[in-house]
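Q: Please take a close look at one part of this structure, the ligand sites, and also at the cysteines and at a few loop residues. A connected account would be more useful to me than a list.

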Amino acid sequence: MNSTDVTHSTSDRNATGPDWPEASVPAARVSPASRSHTDISCASVPAATIDPGLVAWVAGIAALTKPDHIVWCDGSRREADGLTKQLVAAGKLVRLNPQWRPNSYLARTDPRDVARVEESTFICSPREEDAGPTNNWRDPRDMRTELRGVFDGSMKGRTMYVVPFSMGPLGGGISQLGVQLTDSPYAVLSMGIMTRTGERVYRLIEAGEPWMRTVHSVGYPLVDGLGRSRDDVVWPCNDTKYIVQFPDSREVWSYGSGYGGNAILAKKCCALRIASVMARDEGWLAEHMLLIRLTSPAGAVYHIAAAFPSACGKTNLAMLRSTIRGWRVETIGDDIAWMRPGSDGRLYAINPEAGFFGVAPGTGEASNPTAIETIWGNTIFTNVALRPDGDVWWEGLTDTPPAGLIDWEGKPWSEASGRPAAHPNSRFTVAASQCPQIADDWEKHDGVPIDAIIFGGRRATNVPLVTAATSWQHGVFLGATVSSETTAAADGTVGELRRDPFAMLPFCGYNMADHWGHWLKMGELLGERAPQIFRVNWFRTGVGGSFLWPGYGENVRVLAWIVDRLEGKATAVESPIGLIPAPGELTLDGLEIPDAALRELFHIDRGSWLAECDLTETFFTRFGDRVPGALYHELARMRAALTTMR
Ligand code: GTP
Ligand code: SPV
Ligand code: MN
């Protein structure tokens, strides 16, 4: 079956398709009979590595968490198939109808475990000021003591999987190794998609490569402290949660959640929180950024990295399909970029991940056809709705929901319920290699040279469609002052405006003000070869709250202006908040956008921006004297320009 067949079928198909037995609501509890530990021991016994450090560490964690079994994962297809079968038999995964979605599965989480938990995320640097005011800090010694209590026996009755992984291509100069110990087979499967796992990682560790130690438990042992057994549940988790980073020892401990960034420890915990500290110490950058290659009609090739907060459009921009002739986007990454100065003095970036953990709602044929083609099969869906024919659905996949849906909680759903059928933070997990527009050389060890860096956020007001920074220093100021309306990607209120500098608020493993200082230093190092910096906002709204800009594929028009700037072609006008396109410079052919909307997209309201300056100052004040003077200088310049603005 090719992906196009599947794609078209999604919207055309009759909602009452063939019967799909597994679409029925699974039992809330798993019977003890299905709890047997299927032996997937191809690599289990003896240990898959002879590395004494790794073996001793695994033994030590096992002595603490007390699992029944230890499985050394080899990352093979056979292993993944075995785990999948086991989860389906236990009612923990629903096998989707292979006619529509081959080798694909639906996981439904506990409704209390649906997103990242920022309140329970800790940075345990030795000194509190090194975590900074935007991170939860705990003394590493105290936290270690606390964690020992929490993890004691936490895997009783379960299997502990040893998952070796590489962030970045195996053996690449920018790549990093790690091992995740977990009692969640769902996490093992997810890691298998999101990272490079397998035997070769063991060999690199044996050869002496450094690696990060990460421990994960869902916090639902099947035997309590008194030795009494209890049944497993469909989605084991714990109301007590800890997502703990020890940056100095490159260690992560995660407890109580099986979801996304809380459980796929290679992703946010390693590739951002720990890696950002390594990057600070070693002179590189680990950022919450997508990566694309953009080719102009003249055949000029550019690489762009863009930071938007969670659920603010990275996957969409990473997979953009141009609506204007001649422009082409190739995907390299959709969430994380690691960037290092190369020998030619330019900044080179890799995507350390191997898959996409993308937001499902809003992903449809019109908004992101590339994502729809990517998830044709071999995909794990989490917390989406199930169709009666055994395929998936979410808000925005098609305009009208099919009849007979089962919602993300496993209950029959109708539009009349007034609740979404898919959880707003429901996601798909799929290999990047399935993306039809992935760049041929996306796994290139040395990465791609970055020409432009974009910061963005979800701002209903104030922030124009696009602004160019006047210098690297001004660009760093734009990054440091990103604010964005909160989304369902983290627990908490949605739609609240908050500061999210560099889109790294939940992910910077050290003092955010030092992160700004580090960026300024990188700029000095790169000098003339530094990428140009821009800011975008796709989310400005007009009367009635509708978006002023059509977004998605049309965002290529903004990318085209950015390239024109890089090529020194587009003229821009100065404004107190940066350079904006001169009238007529943004390509709008073929787009029907009212003049009034266009004016509003670029309108700079003096009063609101002065208020924004005050908020920035208050925000900076929280970091005391760690804020680089250069940023106060930029703030003062902006204020002065606004004050004298006509
Ligand atoms: P994380 O994976 O959480 O880091 O998020 P992400 O930045 O990759 O988010 P993603 O691209 O999946 O965007 C999620 C939401 O933004 C969806 O609801 C999209 O519909 C919406 N979105 C993306 N691009 C645009 C756009 O250009 N305009 C508008 N209006 N919405 C957009
Ligand atoms: C984000 O929240 O930025 C994500 C999803 O990319 S998660 O991996 O759950 O953090
Ligand atoms: Mn993200």
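A: In this predicted model, Cys508 counts as buried, with a relative accessibility of 1%. Its sulfur lies 14 Å from the closest cysteine sulfur, that of Cys269, which is too far for a bond, given that a disulfide requires two sulfur atoms within 2.5 Å. A search of the whole structure accordingly returns 0 disulfides. Cys124 is likewise in no disulfide, the nearest cysteine sulfur to it being that of Cys269, at 12 Å, and Cys124 is also buried, at 3% relative accessible area.

Turning to the ligands, ligand 2 is surrounded by Arg116, Gly260, Gly261, Lys267, Lys268, His288, Ser310, Asp335, Phe357, Arg427, Ala489 and Phe507. Three polar side chains can be placed against its oxygen atoms: a polar side-chain atom of Ser310 lies 2.5 Å from an oxygen atom of ligand 2, one of Lys268 lies at 3.0 Å from such an oxygen, and one of His288 lies at 3.2 Å. Taken alone, ligand 2 exposes 280 Å², of which the protein buries 98%. Ligand 2 sits in the largest pocket, and the elements that give two or more residues to the shell around it are helix H8 (260–263) and helix H9 (266–282).

Ligand 1 also sits in the largest pocket. The elements contributing two or more residues to the shell around ligand 1 are helix H10 (314–318) and strand E18 (355–359), with H10 giving the most, namely 3 residues. Among the 22 residues around ligand 1, those that come nearest are Ala311, Lys314, Thr315, Arg427 and Tyr552; Arg427 thus appears here and also in the surroundings of ligand 2. The polar contacts of ligand 1 involve both backbone and side-chain atoms: a backbone N or O atom of Ala311 lies 2.7 Å from an oxygen atom of the ligand, a polar side-chain atom of Asn316 lies 3.0 Å from an oxygen atom, and an N or O atom in the side chain of Arg458 is 3.2 Å from an oxygen atom. Taken alone, ligand 1 exposes 660 Å², and the protein buries 92% of that area.

Among the loop residues, Arg540 is found between strand E28 (532–536) and helix H14 (556–566), where it is buried, with a relative accessible area of 7%. Its side chain is directed to backbone oxygens of two residues: a polar atom of the Arg540 side chain lies 3.4 Å from the backbone oxygen of Glu600, and the side chain reaches the backbone oxygen of Leu601 at 3.3 Å. Although Arg540 and Asn462 are 78 residues apart along the chain, their C-alpha atoms are separated by 7.6 Å. Asn462 itself lies in the loop between strand E24 (452–456) and strand E25 (466–468), and it is buried at 8% relative accessible area.

The backbone of Asn462 also deserves a remark. Most residues other than glycine have a negative phi, whereas Asn462, which is not a glycine, has a positive phi of about 70°. Arg250 shows a positive phi too, near 55°; this residue is placed in the loop between strand E10 (242–246) and strand E11 (251–255). Arg250 counts as partly exposed, at 22% relative accessibility, while Asn462 is buried.

Notes: Residues are numbered from 1 along each chain as its sequence is written. Chains are lettered from A and ligands numbered from 1 in the order in which they are written. This is a predicted model: local features need pLDDT of at least 70, side-chain atom pairs count only at pLDDT 80 or more; totals for chains, interfaces and linings use all residues. Side-chain values use heavy atoms; hydrogens and water are left out. Buried means under 20% relative accessible area, exposed over 50%, partly exposed in between (1.4 Å probe, protein chains only). A residue is near a molecule or strand if one of its heavy atoms lies within 4 Å of it. A polar contact is a pair of N or O atoms within 3.5 Å; within protein, one must be able to donate a hydrogen and the other to accept it, and residues adjacent in sequence count only if both atoms are side-chain atoms. Accessible areas come from the Shrake-Rupley method with a 1.4 Å probe; for residues, only the protein chains shown count as cover. On a 1 Å grid over the protein atoms alone, a cavity is a set of points where a 1.4 Å probe fits but cannot get out, and a pocket is an open set with protein on both sides within 12 Å along at least five of seven lines; lining residues have an atom within 4 Å of a point. A molecule sits in a cavity or pocket if more than half of its atoms lie within 2 Å of its grid points. Helices (H or I, at least four residues) and strands (E, at least two) are DSSP runs, numbered from the N terminus.
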